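Me: I'd like to go through this one by asking what the labels rest on. Here it is, so we can both look.

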Amino acid sequence: LLSTGRRIGYRYAVTEVRTSLPAPDPAVPFAVEIDIENQGGSRSFLDRQLEVALVDADGDVIVQETLDPDPPTSLWLPGQTQTLALSLGTDAFVGMQAPTDFALTLKILEPRAYSGALELAHPDRDAEGRHPLVRWPLE
């Protein structure tokens, strides 16, 4: 019964994360690719925005990007994997002492009519609804 319950509806899981550098460099945009699979039994009927951020050890946002994925999340069918590719500007690092502990995070925002963030199929989540994907120094 438990495994059947997990297949009802949509269930997004990050299956792979690729980055351009082992750690962000202020002189170079930070390229990120995130593979997200719908492991559920149906698609979402609402389109959601995705928020990708670099946060420091205190949870403060260094840089973030909010995206409307293409294709939209309402077209993410069961068993399919979507690749989110983006480049985060690292201007926030210029003039500051680069943090030694930070994380790349993903948050799937609820549509405007709702509030909060959608929980991914991952147990780790901060108070803001962000799921850490990669931490530096690399773990």
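Me: What does Ser44 touch, leaving out residues up to four places away in sequence?
Reply: Tyr10, Tyr12, Thr73 and Ser74. Contact here means heavy atoms within 4.5 Å. Keep in mind that this is a predicted model.

Me: And why is Ser44 called buried?
Reply: The cut-off is under 20% relative accessible area. Ser44 has 1%, so it counts as buried. As for its place, Ser44 sits in the loop between β2 and β3 (50-56).

Me: What makes the pairing of the side chains of Ser44 and Arg48 a polar contact?
Reply: The limit is a pair of N or O atoms within 3.5 Å, one able to donate a hydrogen and the other to accept it. The side chains of Ser44 and Arg48 are joined at 2.7 Å, so the distance fits. Ser44 also has a side-chain polar atom 2.8 Å from the backbone oxygen of Leu46.

Me: Moving on to the sheet. How do you know that β2 and β5 pair?
Reply: Two strands pair if there are at least two bridges between them. Strand β2 (residues 30-38) and β5 have eight, in the antiparallel sense, so they qualify. Among the matched residues, Asp35 stands opposite Thr83, and Glu33 has Ala85 as its bridge partner.

Me: Which strands make up that open sheet, and in what order?
Reply: Three of them, ordered β1-β2-β5, with antiparallel pairing. β1 (12-19) and β5 (81-88) each have a single partner strand, which is why they stand at the edges, with one side left without a neighbour in the sheet. From one strand to the next, the twist averages 20 degrees.

Me: Which residues of β5 are on its covered face, and which on the uncovered one?
Reply: Gln82, Leu84, Leu86 and Leu88 are on the covered face. Thr81, Thr83, Ala85 and Ser87 are on the uncovered one. In a regular strand the side chains alternate between the two faces of the sheet.

Me: There's a glutamine in that covered set. Why is Gln82 called buried?
Reply: Its relative accessible area is 13%, and the cut-off is under 20%, so Gln82 counts as buried. Not counting residues up to four places away in sequence, Gln82 touches Ile34, Asp35, Ile36, Pro71 and Trp76. Its side chain also makes a polar contact of 3.5 Å with that of Gln80.

Me: How far is Gln82 from Pro71, in sequence and in space?
Reply: Eleven residues apart in sequence, and 8.2 Å apart C-alpha to C-alpha. Pro71 belongs to the loop between β4 (61-67) and β5.

Me: What kind of peptide bond runs from Asp70 to Pro71?
Reply: A cis one, with omega near 5 degrees.

Me: Zooming out, what does the whole chain look like in terms of helices and strands?
Reply: One helix and eight strands, and the helix comes at the start of the pattern α-β-β-β-β-β-β-β-β. Buried residues make up 36% of the 139 in the chain.

Me: Last one: which elements have the lowest and the highest mean pLDDT?
Reply: Helix α1 (residues 2-7) has the lowest, 52, and β1 the highest, 93. For the chain, the mean is 80, with 73% of residues at 70 or more.

Technical notes: Residues numbered from 1 in each chain as written. Heavy atoms only, no water. Helix = DSSP H or I, 4+ residues; strand = E, 2+ residues; numbered from the N terminus. Axes fitted to C-alpha atoms, helices over the stretch in contact; angles between N-to-C directions. Buried < 20%, exposed > 50% of the residue type's maximum accessible area, 1.4 Å probe, protein only. pLDDT = per-residue confidence, 0-100.
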